[in-house]
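Trainee: I should like to be guided through this structure, with attention to how its chains meet. May we look at it together?

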Amino acid sequence: MTVTWDRCIRLKEPLKTKPFLVFAALAVVGLLLGAYRELLGLGYVTGLNDGYSWGLFKNWNVTALTALGSGGYAVAVFAWIFNVKRFHPIMRTAVLTSLLGYGTGMLALGFDVGRPWNFVWLADPRTWNHYSVLWEVAVCMTSYFLLALDVENMPPFLEKMYRSGDPTKKERAMKIFNFMQKTFPFGIALAFVLPSMHQSSLGQLMYLAGPRVHPLWQTPLLGLLYLLMAYILGFTCVLLTLALSAYAWNLGWDSETMERLAQIMAWTITVWLVVRYADLAYRGALGYILRFDRFSIFFLVEELLIIVPTVLLFSKANRKAPGKLFRLTFLVCIGGLMYRFTPTTLAFSPLGDYRYFPSTFEILMSIGFTALAVAVFLYAVKTFAILPAAKGQIAAEEAMRPFDTL
Amino acid sequence: MDVNRREILKVLMGGSAVAAATMTSAPLASAGDSKEFELEPDAVGLMYDATKCIGCRACMPACQNANGLKPDVGGSGGLYMQPDTLNAHTKNLIKLYTAADGHERSFMKQQCMHCVDPACVSGCPMKALHKEPHGVVGWDPVLCIGCRYCQVACPFNIPKFEWDTINPKIVKCELCRHIVGKTVSQPACTQVCPTHAVVYGKRSDLLAEAHRRIKENPGFYFEDRVYGETEAGGTQCLVLSHVDYSNLGLPKLGNESPAAKSRQVSEFVYRGFLTPLVVYGGIVAIVRNRWKEHLKHAGTEGGEVHGEEKRA
Amino acid sequence: MQTEVISSKKNNVPTTFRNGVDRRTFLKVVAQAAAAVGLTGSMAAKMVAAVEKGARPSVIWLHFQECTGCTESLLRTSHPGLAEVLFDLISLDYHETLMAAAGHQAEEALEAAIKKNAGKFILVVEGAVPTKENGIYMQIANKTGVDMLKHVAASAGAIIAIGSCASWGGVPSASPNPTGATGINELLPDKVVVTLPGCPANPYIFLGTALQYVALSKLPELDELGRPKFAYGRTIHEHCPRRAHFDAGRFAEEFGDEGHRLGYCLYKLGCKGPMTHASCSVLHFCEVVDAWPIGLGHPCFGCTEKNVAFTMPMLKPAEIVRPTPPATYAPVTAPQGYIAPVATGLGGLLLGGFLAGGWVAGKKIGEKEAAAPNSGPTGTSGKE
């Protein structure tokens, strides 16, 4: 027997637990190194060079981790367009992971670009090169973060404002909320269209590199494949987050919801695989798979990590067992992240003879930004009503009507 | 269970309608590719004939001086200007190719190829890399955000980044555009070349000269062709050589510019901005209905919260 | 100094005899002088014309803190020889080493020459001027060097500082510079002073400068330190016969070793050629081929440069101011990038840790949720 998550709750747990302190410490280290980078320059803090000029910050924190942060987008598509009502209680968790994934991704990007003071020009359309895929990513991601993600994450915050008891705050909270309710379809449509654009563009970026990306990955369909993988990784992130949260804070296990998530994910992966292999066959690139050079090995590892768990996840028994579900989803997550990361770095061979591995500081900074997301997540679930739970499952503050309608 | 199957079908039908509406409306972009990507009639460039180069490297200090660059002393401990690659201090490099069995050798002058339709210009989000008059590819420090997409995009791996400073620039040959036409009539490298191995002029003239040389020396130049005539959509800096161009570090490239290919895909999907707008409209329509339903449900008393299934 | 001039006319062409030298020989001398310092044939004609007009310019040569090496090196020229210069081309009106006079007559001759040629004479200064304690460390005829210099320079037509001492202080100015030895240009800030540094200065540079002034009443183009560009425009390094050895990386490592004997580059022995602007590599000394430091196997010590000579240690390697490519070439593809072993280790550890963590988490979740299958919505709060 399992529970049914039907409401969102605020955890009444202490904030300063050991895990939180560890993540917060890592985040602080990362930010301090970020300050160090600002004082000295990228060359001193990273292992980047002219051949591999995009390293961990862009290819991992942005390309890979914002895919994980597409949970809000992916779950919302099924909650609102395909009307999977079970997903409404987990929406807040999903959009929170999105906010954090994108927020820390954009933070990493801010540290990565060499001349960040010129970002102001993004506001001046005269400087826009609309042919540039990276321009699309920059403008679209910023718009998404400013216009959609923060709005989607407002309800728990408005709720807290309302709960404070202060009449002015209550009034303001209700005013904002009513506006959100009135414009909801327009807002959420934005939250669908914008990420579709930039998550696919993140893949399309590498198309311009042409023959320098290995044929097992290089295709005009990079945009579509990256977009599908954003869905997939969004699902994995939400699933894994919910599983870990349920374990850590006794939220109970809503088997139906988790199974649904896994099932939808498995079907999406199937679509992704069909597109991938059809494309490889069409381009005559299948022969590269069994060459057993380093590209072939990366490919095989990535595909095995995705295909095998997916096949297993089609069996209901595997989806029902929480441990198995977690592990299989975890493997898919690794494989999916590999797919997003590989064309940018592992399968990218710049002209010349270049070697690259991120430097220690670079790794620590990247981890720091990720840890920041986790630390803020831990803070948020204990400050706002975000996580899903069943009625009476645990003693916790519940989300309030009408704020929980969004 | 949810009404998912029905819902899914509904949505997929809607989706196909959107696709049909947008994707059949216009032919593929290449036919309508903007004139701004064509070769300018007075485009200028360089022609480097490797068979005339004697490896004197006068062009290297000349380039350093004209561009105010600090020489890269490499591992020489300050003794020599010894870069082994183009980098933040080196916009022009003479390299030596020797065959493994020693039976052939050639010098190679490496600098920006000033493509007709450059990938770096296409990729640059802020127009920092742009085409100047006469097709010269220039870099603007005012707009550059240092994203280094140009480094990923360039098929010749030309743009270099100043890694060791907090005010990094993108460094590459700009055909001395800061002085040509003002204090000098040609770039520094062509000015000092003692054998005129590298010459400057209108691309059309240079190409004609290259063809003339090939015609008058059949079989002498590699495959009787000029590198850069059509590679990557054509480059304004051309190379003639008697050895295989790949041995000189010039990659084998098709005749289509990467920028054009990228634009093709983008245009196919986006159709100007039509596709996103149509999808947006479609989603608003779908979500509106759901939203009305959702609010109706939520309007009931507190106990019945969303998440309860209508059917078991 | 007056010489006997016997003039006569043959076919209305003036023939001049000076000290028994006929015109043809005289023209040869002038031509040699012009050629030796790079002036064209037309210049030689101009010089002849100027001299025949009787316009041998007056030269006043002052000595201060010096070793007289510059005068000595001037004595070792032969085209033109100093005799020809003194007798035929200039009128050396005051020179403490060469003049016969002494005492009051010498001083009177000096004042007379200054008065007679005011605004026109060439002032040549050899030696630095001490400035400490009001310049009492060097006095001639009860006048300090500073006063003497200022007095004579006030009416000079052209001022030439010959040698490093007069140009920037030279040897007397070496740390701790107890006398405050200074170059004369610092003491004459509002005058154009041609400086010809060198220890000694190469005499042909002096001859070229002085004779150009004689012929054209114009000084050669000077750099920002007052040095004629025709002689000081390049560093020794840029003009050195051993440059090919430098570019190819062939160095003498120790005095007397194989490389030294083979005439390899002396950079590693402290040659200051790269930092030294001078013409010694093309204009040797004493009119003996290769009679200059590097030619004789000793590194240049930068005698013309204020920041090098008598300051930088002899064996300390010079800074290459404008490096140029060596004799080797960059390959078509050179390896780039560095993989730090620590980072690789850290990355591996983190990846392994992450994977293990995920696997273990899965196990724990499985155990927990499996152990409590009956958690229902009506259960009590709290932990399972």
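Trainee: Across the interface of chain B and chain A, how many residue pairs are in polar contact?

Mentor: This is a predicted model, and the count admits only pairs with both residues at pLDDT 80 or more. Across the interface of chain B and chain A, the number of such residue pairs in polar contact is 38.

Trainee: Which element gives the most to the side of chain B that touches chain A?

Mentor: Several elements of chain B give two or more residues to that side, including α1 (4-23), α7 (258-270) and α8 (274-298). The greatest contribution, 14 residues, comes from α8(B).

Trainee: How many residues of the side of chain B that touches chain A are nonpolar?

Mentor: On chain B, 78 residues are in contact with 74 residues of chain A. Of the residues on the chain B side, 18 are polar and 16 are charged, while the nonpolar ones number 44.

Trainee: Which residue of chain B forms a salt bridge with Asp112(A)?

Mentor: The rule finds 1 salt bridge across the interface of chain B and chain A. Its closest N and O atoms are 2.9 Å apart, and the partner of Asp112(A) is Arg148(B).

Trainee: What area do chain B and chain A bury between them?

Mentor: Carbon and sulfur atoms account for 60% of this area. The total buried between chain B and chain A is about 6,700 Å².

Trainee: What distance separates the centres of domain 1 and domain 2 of chain B?

Mentor: In chain B, domain 1 covers 8-26 + 271-299, and domain 2 covers 39-264. Taken over C-alpha atoms, the centres of these two domains of chain B are separated by 49 Å.

Trainee: Which three residues of chain C supply more than any other three of the area that chain C buries against chain A?

Mentor: Chain C and chain A bury about 2,900 Å² between them, with 65% from carbon and sulfur atoms. Of the area that chain C buries, 19% is supplied by Trp359(C), Ile365(C) and Glu369(C).

Trainee: Which element gives the most to the side of chain C that touches chain A?

Mentor: The elements giving two or more residues to that side are β13 (335-336) and α13 (341-371) of chain C. With 18 residues, the one that gives the most is α13(C).

Trainee: Which residue stands opposite Asp353(A) in β13(C)?

Mentor: Strand β2 of chain A, residues 353-354, pairs with β13(C) in the parallel sense over 2 bridges. In β13(C), the residue opposite Asp353(A) is Pro335(C).

How values were computed. Residues numbered from 1 in each chain as written. Chains lettered and ligands numbered in written order. Predicted model: local features only at pLDDT ≥ 70, side-chain atom pairs only at ≥ 80, totals over all residues. Heavy atoms only, no water. Contact = heavy atoms within 4.5 Å. Buried area = accessible area lost by both parts, 1.4 Å probe. Salt bridge = Lys/Arg side-chain N within 4 Å of Asp/Glu carboxyl O. Polar contact = N/O pair within 3.5 Å; in protein donor to acceptor, adjacent residues only side chain to side chain. Helix = DSSP H or I, 4+ residues; strand = E, 2+ residues; numbered from the N terminus. Nonpolar A, V, L, I, M, F, W, Y, C, P; charged D, E, K, R; others polar. Domains from an automatic or database assignment. Pairing = 2+ DSSP bridges.
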